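I opened this structure to look up one residue and then one sheet. My entries follow in the order I made them.

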Amino acid sequence: SSPLVYNPDFSVVKSVASITGGTYDAGTKLWTADSAGDKVNYTIAVQNLGNITLTGFTYSDPNADGGTITYVSGDTDGDNALDVGETWTFSAVHTVTQGELNSKGTNDAGALDTDGDTDNKVTVDFAETSEKSASTVSLLSYAPGIDLVKYVSVTGKDGSYVDANTAALGPQNVNIGAPVFFQVTVENKGIIDLTNVKITDLNTSNGGNVSVTLFENKTLLAGAILAGDTDSDGILDVGEKWTITYSQPFDSGQHVNTATVTTAENVTDSDAAYYYSIVNTGPGVRTPGFWGSPNGLEFWDGVANNESKGGMTGFAKGELTYLVDSNNDGVLDSKGLLLGDLDKDGITDLGENTFYVSLSDAKALINASSKLENSDGAVKIGRDAVATWLNYLAGNSLGTDSDAKSPLTYLNDGIDFLQAWAGKAGPVGGGGEVFDAWDSNHKAVKTNSSAWTGAGEGGNYSGDAIHNALDYYNNFGQTSYGGFKYADDGDDGGFLKALAASQSTLHII
């Protein structure tokens, strides 16, 4: 007898041939899948290493797409048996899912894991021997990305939105006193879905620091509108671009609002939008110092068309003076200032409370020294009132007399004060005249006297309170810090000038 050696044996090798839609690194010679739908193409080689023919071939590959394991070559005699020395070659395909990209991988059984690759194992068995397996991995790119852009429209929710990234290009709110509307677009620029999306908006203008949460925990800010979440799952899926439209209450002045987005995948982005909200169509208030300067005096010297800054942004259009009745006899005889002549007809009409100041006296008041002001409260209020009246003639709002804090209310009380303590008609302290005129020979009102600190002649404010309110208005358009904005500040004209120039070429709002 001669003994026979019975040695059934085989090998199985699985490898990544290519990734359709993926990327190849020539240095590492590795393929990487970088988007859902990429096709990982595998090669499976089964070789008979023993000394007998192997039959009853079976296989399993949980991560291969159904029906994609395909015989390629190797069964030279076509008997469907793995003969000694034969090597059979198969191909298989796995389609990368969004889920495995999001989680960073899958295991051999097809379950999601986080090891950064997709594991693929094939198991082969023959009747004559035990099964054998071979595994390979295909790398997955983990590249979250996000892009946020903030837009502003001051003409309304359905207006033209602009990406105002710098103050010089920020749109001007021509919809006076109305809310300002914003849009924030958030786009998934990566290859994985983004979760726990949080979008905030921070307004850091005018010394403020107000943060609003637009979207968090899949909850949208009340009153806001969200578009683009096509499956309404609150997850920023690959390819999705959300748009959130919302508004903020009117707040005058220059602003910058910065929106920021964060996600659980540690990607973030921010963008700012600049805008300038105007209070009224006037050029903005100016201080007594400006009205007394050469450029300021040109607007109220009684000479038309000599204003070097006339019509420029932040300045009056032209000459502010007009003929007025200087002594209440019904005759228009002077280009002086008739404070309180709200309809600007030059006459003290029924119901109007007026005070006449000649141009020479008005210029003396505007240019009064600090020493003179501090020694005579009438000069102090006269200076404030003249500047306030010039600001009104320039087109700035004084509010209404029904508003106890309006510049108009304080101006009326200032006129009463001047009528009582610096007017030509009536006794000192009498007050309440419908018309009066400035008396340069009046008795000085000491700023520590009851005439200055006591209740005003109009029954409202003291001289000290009138001065503080009108002086603040002439500087900032408000009658107190943090108070309502009745007019814009003409000192912002440089910004508005650049703004107007930019709008004429870039943004038509």
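Before placing anything, I noted how elements are named: helices (H or I, at least four residues) and strands (E, at least two) are DSSP runs, numbered from the N terminus. I also noted that the model is predicted.

Entry on Lys309. I looked up where Lys309 lies and found it in the loop between α3 (294-297) and β20 (337-339).

Is Lys309 buried or exposed? Neither: I read a relative accessibility of 26% for Lys309, so the residue counts as partly exposed, since buried means under 20% and exposed over 50%.

Next I listed what Lys309 touches, leaving out residues up to four places away in sequence. The contacts are Asn295, Phe299, Phe315 and Ala316.

I also checked Lys309 against Glu187. The two are 122 residues apart in sequence, and their C-alpha atoms are 47 Å apart in space.

Entry on the sheet. From the loop I went on to β20, which belongs to an open sheet of three strands. I wrote down the order as β20-β21-β22, with mixed pairing. β20 and β22 (435-437) are the edge strands, each pairing on one side only. From one strand to the next, I noted an average twist of 20 degrees.

How many bridges join β20 to β21? I found three, and β20 and β21 (residues 354-357) run antiparallel. For Leu339, I noted Phe355 as the bridge partner in β21.

Last, I looked up what packs on the sheet. Helix α7 (residues 407-421) does, touching β20, β21 and β22. Its direction makes about 65 degrees with that of β21.

Terms used: Residues are numbered from 1 along each chain as its sequence is written. This is a predicted model: local features need pLDDT of at least 70, side-chain atom pairs count only at pLDDT 80 or more; totals for chains, interfaces and linings use all residues. Side-chain values use heavy atoms; hydrogens and water are left out. Buried means under 20% relative accessible area, exposed over 50%, partly exposed in between (1.4 Å probe, protein chains only). Contact means heavy atoms within 4.5 Å. Two strands pair if DSSP finds at least two bridges between them. Axes are lines fitted to C-alpha atoms, for helices over the stretch in contact, and angles run from 0 to 180 degrees between N-to-C directions.
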